[in-house]
Number of protein chains: 2
Amino acid sequence: MAAEPAGSSKDVLDADGIPVLPDPADAASRKRRAIIDAALAEFLAEGYSAASMEAITSRSGVSKATVYKHFGSKERLFLAVVGGVLPTTYAELEPVNSGLAGAPDLRTALVRLTTAWARILLRPDIMSLRRLVIGEIDRFPQLGRLWYRLGRDMNDGPLVAAFTELHARGVLDVPDPDLAVRQLVGATVGVPQLACTFSPEAAFDDAELERVMASGVDLFLARYATGA
Amino acid sequence: MAAEPAGSSKDVLDADGIPVLPDPADAASRKRRAIIDAALAEFLAEGYSAASMEAITSRSGVSKATVYKHFGSKERLFLAVVGGVLPTTYAELEPVNSGLAGAPDLRTALVRLTTAWARILLRPDIMSLRRLVIGEIDRFPQLGRLWYRLGRDMNDGPLVAAFTELHARGVLDVPDPDLAVRQLVGATVGVPQLACTFSPEAAFDDAELERVMASGVDLFLARYATGA
DNA sequence: GTCTATAGTAAGATAGAC
DNA sequence: GTCTATCTTACTATAGAC
């Protein structure tokens, strides 16, 4: 259990009484990290305007001046924090997408895929972040565009590629793969997502979720699957 | 051009020099209406927390004390204004729903219906209101539940009834009408709505909109229409 | 880089005259 | 019911010591 000096001005001594000087760079980035975590929690709980820099400094254990040295202003802090966490969030969805074009049973693969997406996207922390971004879009349009673009690039993108290939192989008949992907998402993940957007307390157990995803995939395949 | 005394303490005289005393009830409800309009504009522009009661009083032309006499607090004002406008908003969608079960061509009727929905729901003012409600759901969960319930009751509801009837008549094969409606919405209106939610500047011209709606309806019918 | 202390401002809400 | 004037509080941001 190493001593972690929290910025105290007093020297910290090791077992032999020798002062342990914290690496200033590490100390700074630890504080930076603490500020980011505290700010995210505060912004998620209060929204941008009601969040107070005072509360963020209290949560993070640093002083107000330090926060301003690092981030300059409340706006810049918000953009850094929220813009920084979005790619992390979407990165979780990427591994699910691999190898769809080569799956033995397309229906099973699509149900698995959409169910995995839904389980992640419906998580309360991600739903809260989504509501925050949507609610602040007039003030921070960059974040809205970023969120939408990430979703398109990291989720829809691979699916579009897979459908295009399956179309070429004659397995699917998809004249507009881009639109088809958006329809699939709307008819599967979009259904419980809409409910959770407006009713945070709404819960979908795994069985219900898989039933809805399977029904949406069947809807999709009824139109786009060829006989082959 | 009738004189409309805006609460001035000086008497207003008619053409014969006779004081025109404004009906106090009417004057009060005119002010109430002015406050509501000003508050809605301010809340839409700034969000709940950043909206200032000072700005609302300026916009409405009444004093701060009057606003508090009428609505008691900022929270109550917000609930009254937003909760009051939601039914009005959804009422616009109701007439579109009538007479679907008896339509001669179901596909045409559904394309017309979803396109009409989309044109209303994508309007910037309604999209802004939607973002406001979503962004403030942690603070005002009532509004989220109200929005979702209105959408379900006034839009999905009639469609569920129509699909149930068409199922009984053998025109459709819809084992779960409620889910089917949500899928149809997700695959039609939901597609451009998602884009507009995150990119307010995104615009869909009528031709593009109808193409997307028609494609979504075809998707729906490929699964749920019987041969009959 | 980090802190304490504070400047300067604007917010929500109310008192009291009319 | 309505207004003007004001109370109290909390906010963002900064100055200056270390």
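Me: How many Å separate a polar side-chain atom of K74(A) from a phosphate oxygen of DNA strand D?

Reply: A polar contact is a pair of N or O atoms within 3.5 Å; within protein, one atom must be able to donate a hydrogen and the other to accept it, and residues adjacent in sequence count only if both atoms are side-chain atoms. Here the distance from a polar side-chain atom of K74(A) to a phosphate oxygen of DNA strand D is 2.9 Å. This is a predicted model, in which local features need pLDDT of at least 70 and side-chain atom pairs count only at pLDDT 80 or more, while totals for chains, interfaces and linings use all residues. Residues are numbered from 1 along each chain as its sequence is written, chains are lettered from A and ligands numbered from 1 in the order in which they are written, and side-chain values use heavy atoms, with hydrogens and water left out.

Me: Which part of DNA strand D lies 3.2 Å from a polar side-chain atom of K64(A)?

Reply: That partner is a base nitrogen of DNA strand D. M53(A), by contrast, uses a backbone N or O atom, which lies 2.7 Å from a phosphate oxygen of DNA strand D.

Me: Which elements give two or more residues to the surface near DNA strand D?

Reply: Helices (H or I, at least four residues) and strands (E, at least two) are DSSP runs, numbered from the N terminus. For DNA strand D, the elements are α2 (53-60) and α3 of chain A, together with α1 (24-50) and α3 of chain B. α3(B) provides the largest share, four residues.

Me: Which residues come nearest to DNA strand D?

Reply: A residue is near a strand if one of its heavy atoms lies within 4 Å of it. Of the 17 residues around DNA strand D, the nearest are M53(A), K64(A), Y68(A), T66(B) and H70(B). On the DNA side, sugar or phosphate makes up 61% of the atoms within 4 Å of the protein, and bases make up the rest.

Me: What surrounds DNA strand C?

Reply: DNA strand C has 17 residues around it, the closest being S63(A), T66(A), M53(B), Y68(B) and K74(B). Of the strand's atoms that come within 4 Å of the protein, 62% belong to sugar and phosphate. A side-chain N or O atom of T66(A) is 2.5 Å from a phosphate oxygen of this strand, and a polar side-chain atom of Y68(B) is 2.6 Å from a phosphate oxygen. A51(B) places a backbone N or O atom 3.0 Å from a phosphate oxygen of DNA strand C. The element that gives the most to this surface is α3(A), with four residues.

Me: How is the class of the residues near DNA strand C read?

Reply: Ala, Val, Leu, Ile, Met, Phe, Trp, Tyr, Cys and Pro count as nonpolar, Asp, Glu, Lys and Arg as charged, and the others, Gly among them, as polar. The surface near DNA strand C has seven nonpolar, five polar and five charged residues.

Me: How many residues of chain A are in contact with chain B?

Reply: Contact means heavy atoms within 4.5 Å. By this rule, 40 residues of chain A touch 40 residues of chain B.

Me: How many salt bridges does the rule find across the interface of chain A and chain B?

Reply: A salt bridge is a side-chain nitrogen of Lys or Arg within 4 Å of a carboxyl oxygen of Asp or Glu. The rule finds two across this interface. D176(B) and R211(A) form a salt bridge through their side chains, at 3.2 Å from N to O.
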